[in-house]
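The following exercises concern charged side-chain pairs. Please examine the sequence and the model before reading the solutions.

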Amino acid sequence: MQALERVLADMDFPHRLAKLRKDKGLTQYALADASGVHVSQIRRYEGATSQPTLEVLRKLAVALSV
């Protein structure tokens, strides 16, 4: 297992999403644009106040290339 994969496996979803976004050099606005998810929802996901649906998870995964 690669180092990044080990770090990500130990994180919860909000931290993992933020880390992947930052590692790709994306702002919350850029991720929102790339995924088709409103920026306020990205903030909620990263702030642990909301959980994405499976469809949104798919969109985020495609946008983050994971």
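**Salt bridges and their surroundings**

Glu55 is partly exposed, with a relative accessible area of 40%; buried means under 20% relative accessible area, exposed over 50%, and partly exposed in between (1.4 Å probe, protein chains only). The model is predicted: local features need pLDDT of at least 70, side-chain atom pairs count only at pLDDT 80 or more, and totals for chains, interfaces and linings use all residues. Residues are numbered from 1 along each chain as its sequence is written, and side-chain values use heavy atoms, with hydrogens and water left out.

**Exercise 1.** Determine which side chain meets Glu55 in a salt bridge, and place the pair.

*Solution.* Step 1: a salt bridge requires a side-chain nitrogen of Lys or Arg within 4 Å of a carboxyl oxygen of Asp or Glu. Step 2: Arg58 satisfies this with Glu55, at 2.8 Å from N to O. Step 3: both residues belong to helix 5 (residues 54–64), three residues apart, about one turn of the helix; helices (H or I, at least four residues) are DSSP runs, numbered from the N terminus. Step 4: Arg58 is partly exposed, at 45% relative accessible area.

**Exercise 2.** State whether Arg21 and Glu46 are buried or exposed, and what their pairing ties together.

*Solution.* Step 1: Arg21 is buried at 7% relative accessibility, and Glu46 is buried at 16%. Step 2: their side chains form a salt bridge of 2.6 Å, N to O. Step 3: Arg21 lies in helix 2 and Glu46 in helix 4 (residues 39–46), so the pair ties together parts 25 residues apart in sequence.

How values were computed:
Helix = DSSP H or I, 4+ residues; strand = E, 2+ residues; numbered from the N terminus.
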